[in-house]
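Reader: Hello! I'd like a close look at a single part of this model, with the cut-offs spelled out as we go.

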Amino acid sequence: MPEGATQPRRTDNTLVKALARAFRWKRMLESGEFASISELAEREGIAFTYMARLMRLSLLAPKIVDAIMEGSQPKSVTLANMMDPFPLDWKEQRIRFLQPGTSDI
């Protein structure tokens, strides 16, 4: 790219959809609509283990969630990479997931 040009945003629809599902499921559990992840997974027709791994996305730092929603996250931030365990500390998450120089996103 030419010097000074900005990188076009690229929203990862798969990751955005996964985030939306994780936060929706979290709200359903917190509201008491479902008593457990197991009950919710059964209702949704999804394996408990998959749902539990996907729900971890609701623990991401708000700045990382914002970057994903805006499409400004690094290319390495994909749903496949986010399914692996990650630190709960938001500062550690920014160090792990955001490229150098973008920790203030």
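Which residues does Q93 touch, not counting residues up to four places away in sequence?

Author: Happy to walk you through it. This is a predicted model, in which local features need pLDDT of at least 70 and side-chain atom pairs count only at pLDDT 80 or more, while totals for chains, interfaces and linings use all residues. Residues are numbered from 1 along each chain as its sequence is written, and side-chain values use heavy atoms, with hydrogens and water left out.

Now to your residue. Leaving out residues up to four places away in sequence, Q93 touches L59, L60, A61, I64, F86, P87, L88 and L98; contact here means heavy atoms within 4.5 Å. Q93 sits in helix α6, residues 90-97. Helices are DSSP runs of H or I with at least four residues, numbered from the N terminus. With 0% relative accessibility, Q93 counts as buried, a term that stands for under 20% relative accessible area with a 1.4 Å probe and protein chains only. The Q93 side chain also reaches the backbone oxygen of P87, at 2.8 Å.

One of the residues touched by Q93 is L60, so let us turn there next. L60 lies in the loop between α3 and α4 (62-70) and is buried too, at a relative accessible area of 3%. Apart from neighbours within four places in sequence, L60 is in contact with L19, V65, I68, M82, F86, W90, Q93 and F97. Between L60 and P87, which are 27 residues apart along the chain, the C-alpha atoms are separated by 9.0 Å.

On one side of that loop comes α4, whose buried residues are I64, V65, A67 and I68. These cover an arc of only 160 degrees around the axis, which puts them on the same side of α4; the arc is that of the directions from the helix axis to the C-beta atoms. The buried residues of α4 pack against α1 and α6. Just after α4, G71 takes a positive phi of about 80 degrees.

On the other side is α3 (residues 48-55), where M51, L54 and M55 are buried. Seen down the axis of α3, the buried residues fall within an arc of 100 degrees, so they line one face of the helix. Their packing partners are α1 (13-30), α2 (37-44) and α5 (79-82). For the α2 partner, I37, S38, L40, A41 and E44 meet F48, M51 and M55 in α3.

Methods
Buried < 20%, exposed > 50% of the residue type's maximum accessible area, 1.4 Å probe, protein only. Helix = DSSP H or I, 4+ residues; strand = E, 2+ residues; numbered from the N terminus. Polar contact = N/O pair within 3.5 Å; in protein donor to acceptor, adjacent residues only side chain to side chain.
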